[in-house]
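Me: I have a new model open on my screen and would like to walk through it with you. Could you take my questions one at a time?

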Amino acid sequence: MSLLSDLVNLNLTDSTKQIIAEYIWIGGSGMDIRSKARTLPGPVSDPSKLPKWNYDGSSTGQASGDNSEVILYPQAIFRDPFRRGDNILVMCDAYTPAGDPIPTNKRHKAAKIFSHPNVAKEVPWYGIEQEYTLMQKGVNWPIGWPVGGFPGPQGPYYCGVGADKAIGRDIVDAHYKACLYAGIGISGVNGEVMPGQWEFQVGPVEGISAGDQVWVARYLLERITEISGVNVSFDPKPVPGDWNGAGAHCNYSTKTMRNDGGLAVIKKAIEKLQVKHKEHIAAYGEGNERRLTGKHETADINTFSWGVANRGASVRVGRDTEKEGKGYFEDRRPASNMDPYVVTSMIAETTILG
């Protein structure tokens with residue numbers, strides 16, 4: 001093992017009580033994840049005990065150069081699978097020095113919705129299916145594909161096994177374990193329909209924590225692909241043509257939906273989603289029109305539909321939910337590059353407060 005690897009993996013617990021906290025936030029594009037580290041005097045488990053911190057917002061597209069200071073407010077703590085020990089990852093949101101949320105801070109509004117008494121008493125649960133595509137570094141093309149060429153047609157790759165089907169499994173497994181170590185409620189992974197495309201699921205997770213956990217899971221994936229020398233794409237249609245796009249299906253339930261008679265509540269919620277279809281589509285990710293075509297297991301972007309076990313619908317109700325008369329439903333419209341704070345809170349706002 002090289003000296004560099006020895007130092008990267010150095011265990012600090014025997015030599016100091018100090019820890020390293022990696023502060024994570026979302027940059028100006030809404031999809032660029034930023035982070036920086038600081039030393040703290042000892043272990044911390046409560047985000048309210050962590051210090052606020054500033055950064056140069058003019059370098060992230062979130063402030064002007066003559067007034068560039070943006071303040072990070074720690075919101076959630078996770079174990080750090082890279083540094084381990086008592087070191088932590090800290091999910092933050094961003095504010096002006098005066099304490100106002102900056103325009104790209106979507107967590108602040110989401111937290112307000114989830115703290116509304118009518119929402120809180122419904123204990124909303126989310127399960128988010130995050131699809132992504134592993135891309136060759138330096139070229140905008142999936143790993144395992146010949147540059148400028150194509151693999152065999154879709155069919156053998158979904159949940160496939162073998163070097164010619166499960167391309168990038170080492171990255172996927174590393175990410176899976178890193179999420180479990182960090183304390184993220186990751187519930188599974190699988191290979192997707194297009195080769196080089198994968199999915200991980202986070203949930204069921206309650207309320208604002210769903211957004212926190214998906215963002216930190218994305219951060220971990222970015223870090224692991226960084227180490228592996230490949231890029232990760234959250235583009236909803238990374239390859240044009242007869243190839244599946246990438247989504248972030250959102251499974252959702254409330255307390256009344258999970259109780260006896262919940263199917264009727266689910267149907268009423270779906271009716272509310274239909275009324276606000278255009279508003280939701282506008283907030284469900286950029287470039288989603290390239291994915292929601294009515295083909296490749298999607299509904300047409302301009303038409304709202306729902307059905308039992310129908311993966312070509314906007315909203316799907318599972319067979320078990322129909323049989324038991326209670327449970328959850330799946331909103332299949334969100335794109336892979338959606339903001340989980342926006343999507344989860346918007347679904348709650350429409351179905352509970354609408």
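Me: Which residue takes a positive phi in the hairpin of β1 and β2?
Reply: Happy to help, and please keep in mind that this is a predicted model. Strand β1 (residues 19–26) and strand β2 (residues 33–40) run antiparallel and are joined by eight bridges. Six residues lie between the strands of this hairpin, and the one with a positive phi, near 90 degrees, is Gly-30.

Me: What is the bridge partner of Ile-19 in β2?
Reply: Strands of a sheet pair through backbone hydrogen bonds, either parallel or antiparallel. Here β1 and β2 take the antiparallel option. Across that pairing, Ile-19 has as its bridge partner Leu-40.

Me: Which strands are the edge strands of the open sheet?
Reply: Let's read across the sheet: its five strands come in the order β2-β1-β5-β4-β3, and the pairing is mixed. Neighbouring strands are turned against each other by 40 degrees on average, ignoring direction. An edge strand pairs on one side only, and that description fits β2 and β3 (53–56).

Me: In β4, which residue is the bridge partner of Tyr-55?
Reply: β3 pairs with strand β4 (residues 69–79) over four bridges, in the antiparallel sense. One of the β4 residues, the bridge partner of Tyr-55, is Val-70.

Me: What percentage of residues 19–99 is strand?
Reply: UniProt, in an unreviewed entry, gives this span the annotation "domain: GS beta-grasp". Its end C-alpha atoms are 27 Å apart. Helix accounts for 0% of the span, while the strand share is 48%.

Me: And how far apart do the end C-alpha atoms of residues 106–354 lie?
Reply: The unreviewed UniProt entry places "domain: GS catalytic" on these residues. The span is 38% helix and 19% strand. The distance between its end C-alpha atoms is 20 Å.

Me: Are α2 and α10 roughly parallel or oblique to each other?
Reply: Two packed helices are described by the angle between their axes and the distance between the axes. For helix α2 (residues 106–115) and helix α10 (residues 340–353), the axes come within 9 Å and cross at roughly 30 degrees. Angles under 35 degrees count as roughly parallel, so α2 and α10 are roughly parallel.

Me: How many charged residues are in the contact of α2 with α10?
Reply: On the α2 side we have Lys-106, Arg-107, Ala-110, Ile-113 and Phe-114, which meet Tyr-341, Val-342, Thr-344, Ser-345, Ala-348 and Glu-349 of α10. Sorting these residues gives six nonpolar and two polar, and the number of charged ones is three.

Me: At what angle do α4 and α5 pack?
Reply: The axes of helix α4 (residues 169–182) and helix α5 (residues 208–228) are 10 Å apart. The crossing of α4 past α5 is right-handed. The two helices are oblique to each other, with an angle of about 135 degrees.

Me: Where is Cys-159 found?
Reply: Most residues other than glycine have a negative phi, and most peptide bonds are trans. Cys-159 is not a glycine, yet its phi is positive, about 55 degrees. Look for Cys-159 in the loop between β6 (125–136) and α4.

Me: Last one: which two residues does a cis peptide bond join?
Reply: Try looking in strand β8 (residues 197–206), where Pro-204 lies. The cis bond has an omega of about 0 degrees, and the residues it joins are Gly-203 and Pro-204.

Note on methods
Residues numbered from 1 in each chain as written. Predicted model: local features only at pLDDT ≥ 70, side-chain atom pairs only at ≥ 80, totals over all residues. Heavy atoms only, no water. Pairing = 2+ DSSP bridges. Axes fitted to C-alpha atoms, helices over the stretch in contact; angles between N-to-C directions. Parallel < 35°, antiparallel > 145°, perpendicular 65-115°, else oblique. Left-handed = near helix turned anticlockwise from the far one by under 90°. Contact = heavy atoms within 4.5 Å. Nonpolar A, V, L, I, M, F, W, Y, C, P; charged D, E, K, R; others polar. UniProt positions renumbered as here; feature names shortened; annotations may be inferred.
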